[in-house]
Amino acid sequence: MTLDVLIGTSGWGYDEWIGPFYPKGLRKEDFLTYYSYIFYTNEINTTFYNIPSQTIVKNWVKKTPRNFKFSVKVPKAITHESKLEIDDCLDTLDYFLTTMRPLIEAEKLLAFLIQLPPSFKKEEHFANLREFIEEWPLEYKNKEPFLVIEFRDLSWMDEEIFTFLKKRNLTYCCVIEPLLPPRMEITNKNLAYIRFHGYGEKIWFDYFFKEEEIKKWALKVKDVIQNSKKTGIYFNNHYSGYATKNSLMMMKELNIKPKTYPSKINILDIQKKAGIFSKNQKGLDEFLH
């Protein structure tokens with residue numbers, strides 16, 4: 001089974017999700033397994049801060065079903081510290097892509113997200129972006145993993161940039177946040193990409209999209225879905241488990257069913273998959289029917 005509309009959250013390993021999303025008593029190492037019982041995709045946030053070992057990446061492959069898709073954030077060492085200066089970051093990029101290879105080989109990698117900092121401005125850094133894309137070593141134009149560009153400065157909001165993205169088959173990341181207009185632009189028909197950050201006063205991500213907001217955004221998202229082959233939608237408002245709730249609300253509004261409804265998950269199944277209990281062990285409910 002393949003899905004044309006993938007909705008999920010940015011990250012999964014939040015302790016504060018215990019209670020609001022994860023059952024109490026669930027081990028942290030089982031968070032991803034539980035998450036993948038409900039959602040078909042996740043945007044990996046931790047790669048932005050540190051490049052994981054390949055053993056960890058292989059575990060992500062192992063703990064998720066065959067049709068699960070990840071999107072991966074390119075490390076800030078490349079985007080924020082080197083500002084895409086290819087001579088400065090090529091070694092880091094090679095190491096990062098090598099580490100991600102298990103996801104690529106398992107056909108579980110939807111996209112690489114290149115999130116650029118507010119200090120990355122068109123006049124100063126457009127040449128960096130062009131050269132970095134030219135040096136990107138993997139095929140991305142017509143197949144996964146695609147390349148997604150997220151800007152954080154208004155200087156990039158002009159037609160020259162969107163023409164560039166379209167010519168290079170780069171996916172523009174539409175961002176729902178305070179600094180940029182929520183421009184629902186499709187620059188690569190193969191993949192549209194939307195990130196819901198939120199409108200928190202101090203921290204953007206400490207924000208819960210109410211039902212009427214989800215309904216409003218769903219109307220705009222539907223238009224994007226109709227005009228792209230595949231759409232990735234990620235909620236980054238991770239505080240208090242808001243992202244999981246809003247993801248499920250958006251899925252409902254778009255008539256997309258989760259893989260399993262949270263109320264239907266048997267925690268014993270998660271524990272069996274992790275090898276904590278025998279696969280033949282039965283839950284109490286089976287003895288009561």
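The exercises below, each with a worked solution, concern a predicted model.

**Exercise 1. The barrel**

Work out in what order the strands close into a barrel, and whether the pairing is parallel or antiparallel.

Solution.
- Step 1. Begin with strand 1 (residues 5–10). Five bridges tie strand 1 to strand 8 (residues 231–235), and the two run parallel. Within this pairing, Gly8 has Tyr234 as its bridge partner.
- Step 2. Turn to the pairing of strand 1 with strand 2 (residues 41–44), which is parallel and has two bridges. Here Ser10 is partnered by Glu43.
- Step 3. Go on from strand 2 to strand 3 (residues 69–73): four bridges connect them, again in parallel. Glu43 stands opposite Ser71 of strand 3.
- Step 4. Move to the later strands. Strand 6 pairs with strand 7 in the parallel sense through four bridges, with Cys174 opposite Ile194. Strand 7 pairs with strand 8, also in the parallel sense, through five bridges, and Tyr193 stands opposite Gly232.
- Step 5. Put the order together: eight strands close into a barrel as 1-2-3-4-5-6-7-8, with parallel pairing. On average, neighbouring strands of this sheet are turned by 25° against each other, direction ignored.

**Exercise 2. Two crossovers**

Find the handedness of the β-α-β unit that strand 1 and strand 2 make with helix 1, and of the crossover from strand 7 to strand 8.

Solution.
- Step 1. Helix 1 covers residues 31–38, and the β-α-β unit that it makes with strand 1 and strand 2 is right-handed.
- Step 2. For the other case, recall that strand 7 and strand 8 pair over five bridges. The chain passes from strand 7 through helix 8 to strand 8 in a right-handed β-α-β crossover.
- Step 3. Place helix 8 (residues 211–226): it lies across strand 1, strand 6, strand 7 and strand 8, and runs at about 165° to strand 7.

**Exercise 3. Burial of strands 1 and 7**

Determine how many residues are buried in strand 1 and in strand 7.

Solution.
- Step 1. Apply the cut-off: a residue is buried if its relative accessible area is under 20%.
- Step 2. In strand 1, six of the six residues are buried, so the strand is largely enclosed by the rest of the structure.
- Step 3. In strand 7, five of the five residues are buried, and the strand is mostly covered.
- Step 4. Sort the residues of strand 7 by direction. Ala192, Ile194 and Phe196 point one way, Tyr193 and Arg195 point the other way, and all are buried.

**Exercise 4. The nonpolar core**

State how many residues the largest nonpolar core has, and which of them have the most contacts inside it.

Solution.
- Step 1. The core has 88 residues, and those with the most contacts inside it are Leu103, Phe112, Leu129, Phe132, Phe151 and Phe196.
- Step 2. Strand 4 (residues 109–115) supplies the largest share, six residues.
- Step 3. Take Leu103 as an example. Residues up to four places away in sequence being left out, Leu103 touches Ile44, Val57, Trp60, Val61, Phe70, Val72, Lys108 and Leu109.
- Step 4. As background, nonpolar side chains tend to be buried together in soluble globular proteins.

**Exercise 5. Helix 6 against helix 7**

Decide whether helix 6 and helix 7 are roughly parallel or roughly antiparallel.

Solution.
- Step 1. Helix 6 (residues 122–135) packs against helix 7 (residues 159–167) at an angle of about 5°, and the axes are 13 Å apart.
- Step 2. Angles under 35 degrees count as roughly parallel. The two helices are therefore roughly parallel to each other.
- Step 3. List the residues that meet: Lys122, Phe126, Leu129 and Arg130 from helix 6, and Glu160, Ile161 and Phe164 from helix 7.

**Exercise 6. Cys173**

Locate Cys173, and decide whether it is buried or exposed.

Solution.
- Step 1. Cys173 is in strand 6 (residues 171–176).
- Step 2. Its relative accessibility is 1%, so Cys173 counts as buried.
- Step 3. Beyond its neighbours within four places in sequence, Cys173 contacts Leu113, Val148, Ile149, Glu150, Tyr193 and Arg195.

**Exercise 7. Backbone details**

Identify where Pro145, Leu84 and Asn169 lie, and describe the backbone there.

Solution.
- Step 1. Pro145 is in the loop between helix 6 and strand 5. The Glu144 to Pro145 peptide bond is cis, with omega near -5°.
- Step 2. Leu84 lies in the loop between helix 3 and helix 4. Although not a glycine, Leu84 has a positive phi of about 65°.
- Step 3. Asn169 lies in the loop between helix 7 and strand 6, and its phi is positive, near 55°.
- Step 4. Compare accessibility: Leu84 counts as buried at 1%, whereas Asn169 is partly exposed at 22%.

Conventions. Residues numbered from 1 in each chain as written. Predicted model: local features only at pLDDT ≥ 70, side-chain atom pairs only at ≥ 80, totals over all residues. Heavy atoms only, no water. Core = buried A, V, L, I, M, F, W, Y, C linked by side-chain atoms within 4.5 Å. Buried < 20%, exposed > 50% of the residue type's maximum accessible area, 1.4 Å probe, protein only. Contact = heavy atoms within 4.5 Å. Pairing = 2+ DSSP bridges. Right-handed = clockwise from strand over helix to strand, strands pointing away. Axes fitted to C-alpha atoms, helices over the stretch in contact; angles between N-to-C directions. Parallel < 35°, antiparallel > 145°, perpendicular 65-115°, else oblique.
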